[in-house]
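Thank you all for coming; I would like to walk through one structure with you this morning. Please have a look at it first, and then we will go through the sheet, the core, the charged pairs and the surface in turn.

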Amino acid sequence: MAPIPGSGLAKGLAVTLRTMTKRTVTAQYPDVQPELPPRSRGVIGLFEENCTVCMLCARECPDWCIYIDSHKETVPAAAPGGRERSRNVLDRFAIDFALCMYCGICIEVCPFDALFWSPEFEYAETDILELTHERDKLREWMWTVPEPPALDPGAEEPKELAAARKTADKLKAQEAEQAQQAREAQQAQQPEQAQDTAQPKESGQEGQE
């Protein structure tokens with residue numbers, strides 16, 4: 001069916017008329033901060049304690065805007081007779097936001113939850129070189145990361161929680177079993193102690209007779 005001539009113009013005028021009847025709203029920024037959507041992508045915050053320097057984020061970044069430096073340290077054996085181990089220690093973690101395209105791949109591939117989206121967006125600079133932010137600044141942005149939304153009551157329980165609960169229940173059962181064995185051993189010792197204390201009295205009474 002061919003479109004009616006002038007229908008596009010009529011639709012456009014209808015939109016204009018609807019807009020004209022609405023009251024205009026002026027955002028008083030920067031005096032009043034805007035209300036951002038809950039999943040806004042501002043900057044990337046770094047939770048340094050979770051970073052294991054696996055380099056996955058830097059390798060998967062399509063813009064190569066993540067710079068990581070580290071060194072190895074030797075960790076002494078945890079138990080006598082064990083062997084020493086080496087671990088990576090983070091020296092530098094920087095992101096060049098002049099190159100970053102906010103795709104979020106680095107956050108998705110991080111296996112230890114060290115990177116998070118922060119809604120912070122006021123980080124403009126007059127020099128493009130100053131848009132490369134080091135780990136100290138990334139850590140400050142970490143504290144502006146909002147809490148994750150609550151799970152849907154009908155959603156399936158995460159596998160990590162199920163595994164952790166199974167381990168906790170197993171440990172609790174082992175502790176309860178050990179406590180029960182300790183109580184049984186203590187109850188078994190009480191009659192023996194009572195019998196040992198009663199024997200001297202009887203021998204003393206025989207001597208008096």
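Let me begin with a question for the room: which residue in S3 does histidine 71 stand opposite? It is valine 89, and before I go further I should say that we are looking at a predicted model, so please take everything that follows in that light.

That pair belongs to a wider pattern, since S2, residues 66–75, and S3, residues 85–96, pair in the antiparallel sense over ten bridges. Lysine 72 has its bridge partner in S3 as well, namely asparagine 88. On the other hand, S3 also pairs with strand S5, which covers residues 132–133, again in the antiparallel sense, and here the pairing runs over two bridges. In that second pairing, isoleucine 95 stands opposite histidine 133 in S5. Taken together, these strands make an open sheet of three in the order S2-S3-S5. S2 and S5 stand at its edges, and because each has a single partner strand, one side of each is left without a neighbour in the sheet. As a general reminder, strands of a sheet pair through backbone hydrogen bonds, either parallel or antiparallel.

Let me turn to the interior. The largest nonpolar core has 26 residues, and among those with the most contacts inside it are Ile66, Ile68, Phe93, Ile95 and Leu115. Several elements give two or more residues to this core, including S1, S2, S3 and S4 on the strand side, and H2, H3 and H4 on the helix side. If we take leucine 115 as an example, and leave out residues up to four places away in sequence, it touches Ile44, Gly45, Leu46, Cys57, Phe93, Cys106, Ile107 and Cys110.

Now to the charged pairs, of which the structure holds five as salt bridges; I will discuss a selection. Glutamate 49 forms a salt bridge with arginine 139, with the closest N and O atoms 2.8 Å apart. Glutamate 49 lies in the loop between S1 and H2, whereas arginine 139 is in helix H4, so the pair ties together parts that are 90 residues apart in sequence. With a relative accessible area of 52%, glutamate 49 is exposed, while arginine 139, at 24%, is partly exposed.

Arginine 92 and glutamate 134 form another salt bridge, and there the closest N and O atoms are 3.0 Å apart. This pair also links distant parts of the chain, with arginine 92 in strand S3 and glutamate 134 in the loop between S5 and H4, 42 residues apart. Both partners count as partly exposed, arginine 92 at 28% relative accessibility and glutamate 134 at 33%.

The side chains of lysine 137 and glutamate 140 meet in a salt bridge too, at 3.7 Å from N to O, but in this case both residues lie in helix H4, three residues apart, which is about one turn of the helix. Lysine 137 is partly exposed at 34% relative accessibility, and glutamate 140 is partly exposed at 48%.

Finally, which residues form a nonpolar patch on the surface? They are Tyr29, Leu36 and Phe121, with about 270 Å² of accessible area together. Of these, leucine 36 is found in the loop between helix H1 and strand S1, and, with a relative accessible area of 37%, leucine 36 is partly exposed.

Technical notes. Residues are numbered from 1 along each chain as its sequence is written. This is a predicted model: local features need pLDDT of at least 70, side-chain atom pairs count only at pLDDT 80 or more; totals for chains, interfaces and linings use all residues. Side-chain values use heavy atoms; hydrogens and water are left out. Patches are made of residues with over 30% relative accessible area and no salt bridge: like charges are joined within 9 Å, nonpolar side chains (Val, Leu, Ile, Met, Phe, Trp, Tyr) within 5 Å. Accessible areas come from the Shrake-Rupley method with a 1.4 Å probe; for residues, only the protein chains shown count as cover. A salt bridge is a side-chain nitrogen of Lys or Arg within 4 Å of a carboxyl oxygen of Asp or Glu. Helices (H or I, at least four residues) and strands (E, at least two) are DSSP runs, numbered from the N terminus. Buried means under 20% relative accessible area, exposed over 50%, partly exposed in between (1.4 Å probe, protein chains only). A nonpolar core is a set of buried Ala, Val, Leu, Ile, Met, Phe, Trp, Tyr and Cys residues joined through side-chain atoms within 4.5 Å. Contact means heavy atoms within 4.5 Å. Two strands pair if DSSP finds at least two bridges between them.
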